[in-house]
Amino acid sequence: MMRRLYNFAGGVRLKEHKRESTSSPVGRTQLPQKIILPLHQHIGVPAKPIVNAGERVLKGQVVAEAGNNISAPIHASTSGTVLAIEDHPIAHPSGLPARCIIIKTDGKDEAAGGYGAPCDTSALTQEQLNAAIKQAGIVGLGGAGFPTYLKLANEAKKITTLILNGVECEPYITCDQMLMRGHSADIVRGLVIMQRALGIKRAIIAIENNKPKELELMQEAIYEAGTPDMELVQVPTVYPAGGEKQLIQTLTGKEVPSQGLPMDIGIVCHNVGTTYAIYRAIAFNEPLISRYITIAGSVAKAQVLDVLIGTPVSHLIEQCGGNRKTLSRVIMGGPMMGFALHDDEAPVVKTTNCILVNSVISDVPLPSRSNFSLPCIRCGACADACPVGLLPQQLYWYARARDFDKVQDYNLFDCIECGCCDYVCPSQIPLVQYYRYAKTAIWQQENEKTLSDISRQRHEFHKFRQEREKQERELRHKQKRQAVDGASTQDNKKAAIQAAMERVRRKREHSDVTPKNIDNLTEQQQKLIEEADARRKKKLEELKPEKITINTSGRESE
Ligand code: SF4
Ligand code: SF4
């Protein structure tokens with residue numbers, strides 16, 4: 001039964017320019033003298049180097065481990081010696097350099113132990129498959145660079161459908177097409193591994209209807225693999241049909257929620273190149289160290305090459321017969337979503353799918369590549385072309401005015417930067433550049449806010465600690481004072497005892513005084529004297545030192 005397809009809003013039809021690079025077979029790059037491996041080639045935290053300058057490394061050896069759970073390790077793509085770990089020009093719209101591991105190649109291409117060893121994939125459990133995919137450093141090769149193992153984790157059993165994205169809708173880019181042409185059976189095997197890793201059966205393979213040859217090859221591969229749960233679907237050739245959200249809508253009629261992910265609606269989407277990389281990693285213990293890349297434009301021979309990750313772009317241009325001296329511009333990516341390189345010594349990374357050289361981009365006359373633009377005439381053409389249903393002119397106005405709250409109200413972060421609005425704008429306004437600028441500014445503000453929140457928390461904790469230390473200090477002083485007071489009370493007690501003893505001593509002296517005028521006493525007088533003596537004696541008995549106790553005021557008492 002034919003699957004019903006749905007249309008997404010907007011989109012544009014573009015000249016394809018695919019034939020130039022698909023008319024010759026896939027080539028291999030000559031080994032460059034240096035391999036430059038940026039530590040940040042994926043979404044998430046940069047990888048952490050585990051090698052040092054001067055160290056010899058082998059092909060497939062881990063040279064940087066994943067920075068955390070949202071990260072991916074990086075492997076040496078050939079053997080050689082680590083020259084340095086330092087900042088180097090990379091492929092980024094900002095043109096800023098970034099930390100890279102630079103390896104001087106030795107031409108031996110000597111592999112690390114176990115590299116390329118065949119493995120019985122059917123013996124591996126779901127957990128072992130995921131762990132191997134993680135260890136192989138595989139990320140989304142379609143351009144996003146999201147660590148693949150995270151997209152294959154399906155513990156909550158929310159994902160029910162796996163889509164293989166074979167829709168390569170941007171002009172010039174042909175690497176997935178050539179991969180399907182040469183490795184359709186391996187791609188289907190990779191898809192089976194992904195189904196097992198996800199613990200699901202349902203898979204849809206989507207290919208544009210302008211690739212009949214690849215469609216046929218994939219059909220044969222599915223048949224030979226005997227996998228009836230895979231459905232092959234032809235989708236219309238319209239840009240950007242290969243966008244993840246647009247493809248899901250075309251195939252299922254479901255819309256991924258604003259700022260949501262496909263897994264929110266039970267779907268996960270993977271690229272053809274990623275699927276092939278998974279197959280090589282699981283079946284042959286080959287980490288991600290190379291990929292197919294289209295080199296097109298002002299070169300003698302446009303071609304798809306199997307390129308080692310970390311190869312300088314200049315090396316590829318030279319190999320395809322480009323003259324670096326006459327270059328005016330090199331785009332990494334396609335003409336719609338790519339960006340101009342500031343330095344062609346920047347290396348290709350895991351997410352690089354195309355290098356577009358020089359004046360060829362005039363065939364797709366993007367306003368963002370032109371040097372002038374006119375005022376917006378509010379024609380609304382950009383809104384009609386937007387495949388996400390945004391209002392590009394409003395986004396443009398607010399991004400230009402730096403009103404970053406408003407621009408988010410208009411769902412800036414749903415923009416996939418497809419460039420359709422740019423392409424149709426009669427005023428040639430570089431709209432996407434404004435959106436990229438606004439996104440970067442908002443991320444920067446959020447970073448700054450996070451940093452200032454951290455600083456404030458630190459300051460508050462510092463104040464709290466100072467207050468606590470003050471209280472502890474005061475408590476210690478108080479205890480010390482009490483100890484001193486306590487000691488002086490003891491002294492008082494001793495003094496009181498001394499005084500009491502002195503009084504006793506004096507009374508005793510008094511008691512030893514010889515009585516006077518005691519002659520010729522009457523009986524009555526004698527009796528009074530004896531009674532007085534008895535009372536004195538009794539009193540003296542009572543005043544003996546051992547019977548004296550001292551109260552807290554320091555006065556003696558019984
Ligand atoms: S297409 Fe260009 S000129 Fe027309 S509304 Fe959009 S931004 Fe303005
Ligand atoms: S670049 Fe963004 S705003 Fe412009 S058409 Fe594409 S999704 Fe819409």
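The following exercises, each with a worked solution, concern a predicted model.

**Exercise 1. Describe how domain 1 and domain 2 meet.**

Solution. Begin with the bounds: domain 1 covers 111-358 and domain 2 covers 365-516. The centres of the two domains, taken over C-alpha atoms, are separated by 43 Å. Next, consider the contacts, in which 14 residues of domain 1 touch 14 residues of domain 2. About 1100 Å² is buried between the domains, and 48% of this lies on carbon and sulfur atoms. On the side of domain 1 that touches domain 2, there are 7 nonpolar, 5 polar and 2 charged residues. Finally, turn to the specific interactions: the count is 0 salt bridges between domain 1 and domain 2, while 4 residue pairs are in polar contact.

**Exercise 2. Determine which residues of α6 are buried and what they pack against.**

Solution. First, locate the helix, which spans 244-252. Of its 9 residues, 7 are buried, and α6 is thus mostly covered. The buried residues are Q246, L247, I248, Q249, T250, L251 and T252. These residues pack against four strands, β9 (161-166), β10 (203-208), β11 and β12 (267-271). Just after the helix, G253 adopts a positive phi of about 80°. On the other side, the loop between β11 (230-235) and α6 contains P240.

**Exercise 3. Identify the backbone features at P240, N411 and Q428.**

Solution. Start from the general expectation: most residues other than glycine have a negative phi, and most peptide bonds are trans. The peptide bond from Y239 to P240, however, is cis, with omega near 0°. N411 has a positive phi, near 60°, and sits in the loop between α11 (404-409) and α12 (420-424). Q428 also has a positive phi, near 55°, and belongs to the loop between α12 and α13 (431-511). As to exposure, N411 has a relative accessible area of 30% and is therefore partly exposed. For Q428 the value is 26%, so this residue is partly exposed as well.

**Exercise 4. Classify Q177 as buried or exposed, and list its contacts beyond four places in sequence.**

Solution. Place the residue first: Q177 belongs to helix α4 (residues 175-198). Its relative accessibility is 7%; since buried means under 20%, Q177 is buried. Apart from neighbours within four places in sequence, Q177 contacts K18, T22, E168, K211 and E214.

**Exercise 5. For the salt bridges R99 with D87, D186 with R189, and E469 with R465, state where the partners lie.**

Solution. The whole structure contains 18 salt bridges.

- Step 1. R99 and D87 meet through their side chains at 3.2 Å, N to O. Because R99 lies in strand β8 (residues 98-105) and D87 in strand β7 (residues 80-88), the pair ties together parts that are 12 residues apart in sequence. R99 is partly exposed at 44%, and D87 is partly exposed at 45%.
- Step 2. In the salt bridge of D186 with R189, the closest N and O atoms are 2.6 Å apart. The partners stand 3 residues apart in helix α4, so about one helical turn separates them. D186 is buried at 12%, whereas R189 is partly exposed at 41%.
- Step 3. For E469 and R465, the closest N and O atoms are 3.9 Å apart. Both lie in helix α13, 4 residues apart, and are therefore separated by about one helical turn. E469 is partly exposed at 36%, as is R465 at 32%.
- Step 4. Salt bridges that share partners also link K449, D453, R456 and E460 into one network.

Technical notes. Residues numbered from 1 in each chain as written. Chains lettered and ligands numbered in written order. Predicted model: local features only at pLDDT ≥ 70, side-chain atom pairs only at ≥ 80, totals over all residues. Heavy atoms only, no water. Helix = DSSP H or I, 4+ residues; strand = E, 2+ residues; numbered from the N terminus. Buried < 20%, exposed > 50% of the residue type's maximum accessible area, 1.4 Å probe, protein only. Contact = heavy atoms within 4.5 Å. Domains from an automatic or database assignment. Buried area = accessible area lost by both parts, 1.4 Å probe. Salt bridge = Lys/Arg side-chain N within 4 Å of Asp/Glu carboxyl O. Polar contact = N/O pair within 3.5 Å; in protein donor to acceptor, adjacent residues only side chain to side chain. Nonpolar A, V, L, I, M, F, W, Y, C, P; charged D, E, K, R; others polar.
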